[in-house]
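User: I would like to go through this model step by step, with the reasoning behind each value spelled out. Please keep to what can be computed from the coordinates.

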Amino acid sequence: MDLSLSEVAEEFRLQFRSFLAEELPAGFAGVGALAIASVSDFVRWWRLRLYEGGFLAVSWPKEYGGRGLTVESEIVIAQESAAVGVPTGGPNDHFGIQMLGNTLLVHGSEEQRRHFLPRIIDGSYRFAQGYSEPNAGSDLAALTLRGRVDGDEVILDGQKIWTSEAHLANWMFVLARTDPEAPKHRGISFVLVPIEDDGGTGDLPNSVGHQANGVEVRPIRMISGKSEFNEVFFTGSRAKLDHVVGGLHQGWGVAMTLLGFERGEAAATLPIRFQSELDRLGELLAARGAFDDADLLDRFVLCQTRLFALRSMGYGWLSNVLAGTEQGAQSSVFKLFWSEYHQLVTELAVDALGGEALLPTGRPSSSAFRTDDVGAPNSTRSWDEVFLHARAGTIYAGTSEIQRSIIGERLLGLPREPRG
C-alpha cells in the first residue's frame, strides 16, 4: 500500500488550504455548526466560490472546463473539504461532476462532452440519477422505463423512484429499455433527459416538485421528515437521440462505469467524516458518564476498531487509485462495511440518550445521507435523524444482501445463487 502523493499534489494541497483559509468565514466550524435555515444559502455560496476559484472538476481536461490536473488533486480537495466540514460542490454535483461527467469522459461523444461538461461545472445543468424503479432496485437490469425512438428523439414512458435530489435538478441521466426484445442486460440505453426548464438561469426549482417535458417530480417524505428522495414519472418525455451516451441499446456498460465513480469519493472522505462523528459521540458519552457502563464502553471501542478498519479500506482504495488499478467488486466490501458500521454508531448514540431520544430537541441534521455535517451539535434531534438515515444505508446504492452476493461470487469465487 503506497499512500504518498506526488510533490505536485502536495503543493496543490497547500494551494487549496490557502483558498479555504481566505474564503471561509472567520471561526468557521463546519456546515453542521451553521443555523439550519442558513445551510442552503451557504452551500450555494460555497459552490460559487469553488467554481470561481477553479476548484470544481479539476482533473477534467481544460477544453471541457477543468484544469487538466491529476486525480490526486481531486483526492486532495475531497480530503481537505471533509476535514474542515465544507462540501466539494452543490447538492447535485455528486451526480453531475463525479458520476456523469467522469462517465462522459469515458463513453461520451466529443459533441456531448463539449456541450454538457462546461454547463455541469458552471452549475447551469444540475443532474439527478434515474436508475431505480419500483420493481428494479437491487436488480437494476429488471428496469421497465420504456424508450421509443421517434426520428431524432427518444420518447420515454414509465417511472423512477428513490431519485436523490431530483427536486433540485433540471436534467436527469436515466436507464431506459429501448429494445424490449433483447435479453435482460441488453437493449438498455443511457439517456440524458431535460426535466425542468429554468431558462438556463440556474435557479432552483420549487422543492415541492416540478413538471416539465412530461416529467413530474414528486418528493417522498421520509421517516426523518426530510424529502431528498423523489418519485419521477415520465409521460411522453422527449430526449434527443444525440443525448444517448455510448450508443443506442448499449447503456448497461455505461451504467456500470458510472457506478464505479459513484463510490470513489466516499472511500476518501467517509473515514474522515465518520471520525468526526465518533469523536462527537465520545463527547456525548463522556458528558453523560456513559463510559461507566461496561456495555456502552465495549460498544464504543468496537465502533472505534471498526472505524480503523474502514480507514484502512479507504487507504487501500486510495492506493489503487494512485496505482491506476480498477477497484471493481472490492468497492462492495467498503459499501457493506460502512453502511453496517454506521448503524452500530447511531444505535449506540440513541441508547446512550435513553428516554431523551423519544423527545428530540435542538438543531436537526443538515444532511439527509450518512453522517450529520462536521460541527453538528450533540442534539437529540440530530442523533435521532442520523439514526433514521442509517437505517437506509444498507439499502440504497445496493443492499447488503446484494453486496454479499457480489463479494461471494466475484471476490471469493463461490457458486452463483440460483436465478429464478
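User: In which loop is Trp-162 placed, and is Trp-162 buried, partly exposed or exposed?

Analyst: In this predicted model, Trp-162 belongs to the loop between β3 (153-160) and β4 (171-177). Its phi is positive, about 55°, although Trp-162 is not a glycine. The relative accessible area of Trp-162 is 48%, and since exposed requires over 50% and buried under 20%, the class for Trp-162 is partly exposed.

User: Glu-165 lies in the loop between β3 and β4; what is the phi of Glu-165, and does Glu-165 count as buried or exposed?

Analyst: Glu-165 has a positive phi near 60°, in a residue other than glycine. Its relative accessibility is 10%, and because the cut-off for buried is under 20%, Glu-165 counts as buried.

User: In which sense do β2 and β3 pair, and which residue in the turn of their hairpin has a positive phi?

Analyst: Strand β2 (residues 146-150) pairs with β3 over 5 bridges, and the sense is antiparallel. Within this pairing, Val-149 of β2 stands opposite Val-154 in β3. The two strands form a hairpin with 2 residues between them, and the turn residue with a positive phi, about 65°, is Gly-151.

User: How does the span of helix α8 compare with the expected one, and which residue caps the N-terminal end of α8?

Analyst: Helix α8 covers residues 294-323, and its 30 residues reach 44 Å from the first C-alpha to the last, close to the 44 Å expected at 1.5 Å a residue. Among the buried residues of α8 are Phe-300, Cys-303, Gln-304 and Trp-317. After α8 comes Gly-324, with a positive phi near 75°. At the N-terminal end, a side-chain oxygen lies 2.9 Å from the backbone nitrogen of Asp-295, and the capping residue that provides this oxygen is Asp-293.

User: Which residues does Val-333 touch beyond four places in sequence, and how far apart in space are Val-333 and Ile-407?

Analyst: Val-333 is placed in helix α9. Leaving out residues up to four places away in sequence, Val-333 touches Met-313, Ile-407 and Leu-411. Although Val-333 and Ile-407 are separated by 74 residues in sequence, their C-alpha to C-alpha distance is 6.9 Å.

User: Is Ser-379 buried or exposed, and which residue has its backbone oxygen 2.7 Å from a polar atom of the side chain of Ser-379?

Analyst: Ser-379 lies in the loop between α9 (330-353) and α10 (380-393). The relative accessible area of Ser-379 is 9%, so Ser-379 is buried. Not counting residues up to four places away in sequence, Ser-379 touches Thr-361, Gly-362 and Arg-363. The backbone oxygen lying 2.7 Å from a polar atom of the Ser-379 side chain is that of Arg-363.

User: What radius of gyration does the protein chain have, and what percentage of its contacts with a separation of 6 or more comes from residues 24 or more positions apart?

Analyst: For 420 residues, a compact globule would have a radius of gyration near 22 Å, and the protein chain agrees with this, having 22 Å. The C-alpha trace spans about 70 × 55 × 45 Å along its principal axes, and buried residues make up 51% of the 420 residues. Of the contacts with a separation of 6 or more, the percentage from residues 24 or more positions apart is 72%.

Note on methods
Residues numbered from 1 in each chain as written. Predicted model: local features only at pLDDT ≥ 70, side-chain atom pairs only at ≥ 80, totals over all residues. Heavy atoms only, no water. Helix = DSSP H or I, 4+ residues; strand = E, 2+ residues; numbered from the N terminus. Expected span 1.5 Å × (residues − 1). Buried < 20%, exposed > 50% of the residue type's maximum accessible area, 1.4 Å probe, protein only. Polar contact = N/O pair within 3.5 Å; in protein donor to acceptor, adjacent residues only side chain to side chain. Rg over C-alpha atoms; globule rule 2.2 N^0.38 Å. Contact = heavy atoms within 4.5 Å. Pairing = 2+ DSSP bridges.
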